[in-house]
2 protein chains.
Amino acid sequence: MTSPEPPTPFPGRDAGPKIDQQLHALADPTRRAVYDIVRTGPSSVSAVAARLPVSQPAVSQHLRVLSDARLVTATPRGARRIYRADPAGLADLRRWIDQLWDDVLDAYVQAATGAEPEEER
Amino acid sequence: MTSPEPPTPFPGRDAGPKIDQQLHALADPTRRAVYDIVRTGPSSVSAVAARLPVSQPAVSQHLRVLSDARLVTATPRGARRIYRADPAGLADLRRWIDQLWDDVLDAYVQAATGAEPEEER
DNA sequence: AGCTTTCATAAGTCTAGACTTATCTAAGTG
DNA sequence: CACTTAGATAAGTCTAGACTTATGAAAGCT
C-alpha cells in the first residue's frame, strides 16, 4: 500500500474546547492548590484565600477558571459562595486520558509485535 | 467536635514535578497536536513540522518539553531522530487522574450521603 | 438606617513561554 | 572532498495570563 498522499497537511483533530480548558486549568500549580482545597471540603472563597499565599481576587480568578472548566461548582450561601468539586467535569478529563492511554498502549504493543510501519519520513 | 485549629496555613500537597510537567506539556494545543502526530506513528521532527503550521525549531522545542515530561522518547536513526509516544509517562498521568477521580467521587457521595460537614467558614 | 463582610470585577504590572529567524553541528550523498 | 539534509540551540519578539491594588455590589449584622 503506502498511499501516495502528501504528508497529510494537518491533523485538525483537537481535544475539544472542554478538555482544553480542563488541562489548562489543572496545569497551574496555584490553581491546583485551590482545587485541592475545594475538593477536600466545600469552601468559601475567603476560606481558600486564608490557606494560600495569594490574594482573595487571585483565588476568585482561579475559581472562575475552574468553574468555566466545569471542575467546580458554586452555591450561594448568604453572602458567601460555597465552592465544591464537580465530579462530572473531572469525569470528562478522565475519559479523555483513558482513551488516550488505550490508543497509546495499542500503538505501542502493535509496534512491538511484528508489524512495524516505522517512521514516516 | 469542630477542632479549634487555625485555618490550616497551607496544604503543601503538590502533584509532584513530573505530573506538573505532564499537565503543562499537554495544556498547549500546538504541543498536543505534535503529540497526536507522534503517538499515531513514530515521526521525525521534519515530518511533524511538515504537517503543522509552525516552524521546525518550534516543533523541536515542543518535543523537548514532551520529552522532559517523559511523554515521548527519541531514537536516533541516522541523521534523523524518530520520536514516539512513551506509554510509561502517560501511565503516570493516568494514575494521577484516576486517584484524583477516586478522591473526588468519594467526597461527593460522602457529602450526598447523610454526613455533611458542609463548608468550613 | 449605617457598618461590616464577602466576593466579583476592573485596571495595571510583570514574567513565562510560544513563536520567529539565524546559526552550528552531525550525518548522509554526489 | 564539497553539498545537502536534519535537528538542536541561541537570541529576540510578543502575547497570554498570573498576580497585585482598588473599587463596587450584595448580603448580613446592630
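Which helix gives the most to the surface near DNA strand C? I will come back to that in a moment, but let me say at the outset that what we are looking at is a predicted model, and that everything I mention today should be heard with that in mind.

Let me begin with chain A taken alone. Chain A contains five helices and two strands, and if we read along the sequence, the elements follow the pattern α-α-α-α-β-β-α. Of the 121 residues in chain A, 42% are buried, and when we consider the contacts in chain A with a separation of 6 or more, 55% of them are made by residues 24 or more positions apart.

Now to the relation between the protein copies. Chain A can be superposed on chain B by a rotation of 180° with 0.0 Å of shift along the axis, and the RMSD of that superposition is 0.0 Å. This is the relation of a two-fold axis. The two copies also use the same surface, in that 100% of the contact residues of chain A recur in chain B.

With that in place, let me answer the opening question. It is helix 4 of chain A that gives the most to the surface near DNA strand C, with five residues. In total, 24 residues surround DNA strand C, and the closest of them are S46(A), S60(A), Y83(A), S55(B) and H62(B). Of the atoms of DNA strand C that come within 4 Å of the protein, sugar and phosphate account for 67%. Each of the following elements supplies at least two residues of this surface: from chain A, helix 3, helix 4 and strand 2, and from chain B, helix 2 and helix 4. By class, the surface near DNA strand C divides into eight nonpolar, eleven polar and five charged residues.

Which atoms of the protein, then, approach the phosphate oxygens of DNA strand C? In the case of V45(A), a backbone N or O atom lies 3.3 Å from a phosphate oxygen of that strand, and for R81(A), again a backbone N or O atom, the distance to a phosphate oxygen of DNA strand C is 3.1 Å. With Y83(A) the side chain is involved, where an N or O atom is 2.3 Å from a phosphate oxygen of DNA strand C.

Let me turn to DNA strand D, which is likewise surrounded by 24 residues, the closest being R31(A), S55(A), H62(A), S60(B) and Y83(B). Here sugar and phosphate account for 68% of the strand's atoms that come within 4 Å of the protein. On this side, helix 4 of chain B provides the largest share of the surface, with five residues, and the elements that each supply at least two residues are helix 2 and helix 4 of chain A together with helix 3, helix 4 and strand 2 of chain B. The residues of the surface near DNA strand D comprise eight nonpolar, eleven polar and five charged ones.

Several arginine side chains deserve a mention here. A polar side-chain atom of R31(A) is placed 2.7 Å from a phosphate oxygen of DNA strand D, while for R81(B) the distance from a side-chain N or O atom to a phosphate oxygen of this strand is 3.3 Å, and for R64(B) the corresponding value is 3.5 Å.

R31(A) brings us to helix 2 of chain A, where it is one of the buried residues, along with others including Y35(A), D36(A) and R39(A). Because nine of the twelve residues of this helix are buried, helix 2 of chain A is largely enclosed by the rest of the structure. As for its geometry, at 1.5 Å a residue the twelve residues should span 16 Å, and the end C-alpha atoms are indeed 16 Å apart, which agrees. At the N-terminal end, helix 2 of chain A is capped by D28(A), which has a side-chain oxygen 3.2 Å from the backbone nitrogen of T30(A).

I will finish with two positions in chain B. S43(B) sits in the loop between helix 2 and helix 3 of chain B. Is S43(B) buried or exposed? Its relative accessibility is 1%, so S43(B) counts as buried, and a polar atom of its side chain lies 3.0 Å from the backbone oxygen of G41(B). D68(B), by contrast, belongs to helix 4 of chain B, and at 37% relative accessibility it counts as partly exposed. The C-alpha atoms of D68(B) and A25(B) are separated by 9.1 Å, although these residues are 43 residues apart along the chain.

Key. Residues are numbered from 1 along each chain as its sequence is written. Chains are lettered from A and ligands numbered from 1 in the order in which they are written. This is a predicted model: local features need pLDDT of at least 70, side-chain atom pairs count only at pLDDT 80 or more; totals for chains, interfaces and linings use all residues. Side-chain values use heavy atoms; hydrogens and water are left out. A residue is near a molecule or strand if one of its heavy atoms lies within 4 Å of it. A polar contact is a pair of N or O atoms within 3.5 Å; within protein, one must be able to donate a hydrogen and the other to accept it, and residues adjacent in sequence count only if both atoms are side-chain atoms. Helices (H or I, at least four residues) and strands (E, at least two) are DSSP runs, numbered from the N terminus. Ala, Val, Leu, Ile, Met, Phe, Trp, Tyr, Cys and Pro count as nonpolar, Asp, Glu, Lys and Arg as charged, and the others, Gly among them, as polar. Copies are superposed by least squares on the C-alpha atoms of residues with pLDDT of at least 70 in both. Contact means heavy atoms within 4.5 Å. The expected span of a helix is 1.5 Å times one less than its number of residues. Buried means under 20% relative accessible area, exposed over 50%, partly exposed in between (1.4 Å probe, protein chains only).
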